[in-house]
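Subject: The structure for you to look through

Dear colleague,

I am passing on the structure that I would like you to look through, and my notes on what was found in it follow below. Please keep the model open while you read, so that you can check each point for yourself.

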Amino acid sequence: MEESAFPMPSSRHDTRRSFLSLLLGTVAAVFSASLLYPLFRFVWPPAAKPGGEGSVAIPVEDMLVGQSRVVPLRGEPVLVIREETKVVALSAACTHLGCIVKYKGGGVILCPCHEASFDLNGNVTGGPAPRPLTYYPVRIVGGKIVIES
Ligand code: FES
């Protein structure tokens, strides 16, 4: 019987080597994907979903006349006010130093931090605020108050 110049590995040794190669390959693939995925998302960001985070819908019956509430819209606080004849949505972040404003009724919005005041159009009516509050368009669709950014 002729002996080979290279020793032949046992089948058990081959199985262990194959398993380790497969394991190392899998670990390398997962590691590479975890490094490349953020880069991929940076270069090709996901498209914004229509009607997703860029809008808020509040059932009309959940807001009585004279009520207000702060809702998140694209991560920003928005003050929604329902009055007798209209619904208003304004940025709830005061333009002075960013405190959350509150609706006091009678068309007056107040900032609790340094007493800036605004009207229902967002215009500054008093205090240190340098700019008006940002206005958001409001629609009533299918019994819901829809605010879009
Ligand atoms: S933060 Fe609103 S008045 Fe200063």
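How many residues lie between strand 5 and strand 6 in the hairpin that they form, and which residue in the turn has a positive phi? There are 2 residues between these strands, and the residue in the turn with a positive phi, of about 60°, is Gly-106.

Before going further, please bear in mind that this is a predicted model. The average pLDDT of the protein chain is 87, and 87% of the residues score at least 70. Some care is needed with residues 48–52, where pLDDT stays under 50 and for which the model has 1 contact beyond four places in sequence.

**The chain as a whole**

The protein chain has 1 helix and 11 strands, and when it is read along the sequence the helix comes before the strands, in the pattern α-β-β-β-β-β-β-β-β-β-β-β. Of its 149 residues, 17% count as buried. Among the contacts in the chain with a separation of 6 or more, 35% are between residues 24 or more positions apart.

**The sheet of four strands**

The hairpin described above belongs to an open sheet of 4 strands, which has the order 5-6-7-8 and antiparallel pairing. Strand 5 and strand 8 (124–126) are at the edges with a single partner strand each, so one side of each has no neighbour in the sheet. As a general point, the strands of a sheet pair through backbone hydrogen bonds, either parallel or antiparallel.

Strand 5 (residues 102–105) and strand 6 (residues 108–110) are paired over 3 bridges in the antiparallel sense, and in this pairing Tyr-103 stands opposite Ile-109 in strand 6. Strand 6 is also joined by 2 bridges to strand 7 (residues 117–118), again running antiparallel, with Ser-117 in strand 7 as the bridge partner of Leu-110.

**The sheet of three strands**

Another open sheet is formed by 3 strands in the order 1-11-10, and its pairing is antiparallel. Here strand 1 (55–59) and strand 10 are the edge strands, each with a single partner, so one side of each is left without a neighbour in the sheet. From one strand to the next, the twist averages 25°.

Strand 10 (residues 138–141) pairs with strand 11 (residues 144–148) over 4 bridges in the antiparallel sense, and Val-138 is found opposite Ile-147 in strand 11. These two strands make a hairpin with 2 residues between them, in which Gly-142 takes a positive phi near 55°. On the other side of the pairing scheme, 5 bridges join strand 1 to strand 11, and these strands run antiparallel.

**Two residues of strand 11**

Val-146 lies in strand 11, and Ala-57 stands opposite Val-146. Is Val-146 buried or partly exposed? With 17 other C-beta atoms within 10 Å, Val-146 is partly exposed, because a residue counts as buried if it has 20 or more such atoms and as exposed if it has 12 or fewer. Leaving aside neighbours within four places in sequence, Val-146 is in contact with Ser-55, Ala-57, Arg-139 and Val-141. Val-146 and Pro-59 are 87 residues apart in sequence, yet they are 8.8 Å apart in space, C-alpha to C-alpha.

Lys-144 also lies in strand 11, and it is partly exposed, with 15 other C-beta atoms within 10 Å. Not counting residues up to four places away in sequence, Lys-144 touches Ala-57, Ile-58, Pro-59 and Val-60. The C-alpha atoms of Lys-144 and Asp-62 are separated by 9.2 Å, although these residues are 82 residues apart along the chain.

**The nonpolar core**

In soluble globular proteins, nonpolar side chains tend to be buried together. The largest nonpolar core in this model has 22 residues, and those with the most contacts inside it are Val-78, Leu-79, Val-80, Ala-89, Leu-90, Val-101 and Ile-147. Strand 3 (76–82), strand 4 (87–91) and strand 11 each supply at least two residues of this core, and the largest share, 4 residues, comes from strand 3. Val-80 is in contact with Ile-58, Ser-68, Arg-69, Val-71, Val-87, Ala-89, Ile-145 and Ile-147, leaving aside its neighbours within four places in sequence.

With best wishes

How values were computed
Residues numbered from 1 in each chain as written. Predicted model: local features only at pLDDT ≥ 70, side-chain atom pairs only at ≥ 80, totals over all residues. Pairing = 2+ DSSP bridges. Core = buried A, V, L, I, M, F, W, Y, C linked by C-beta atoms within 7 Å. Contact = placed C-beta atoms within 7 Å. pLDDT = per-residue confidence, 0-100. Axes fitted to C-alpha atoms, helices over the stretch in contact; angles between N-to-C directions.
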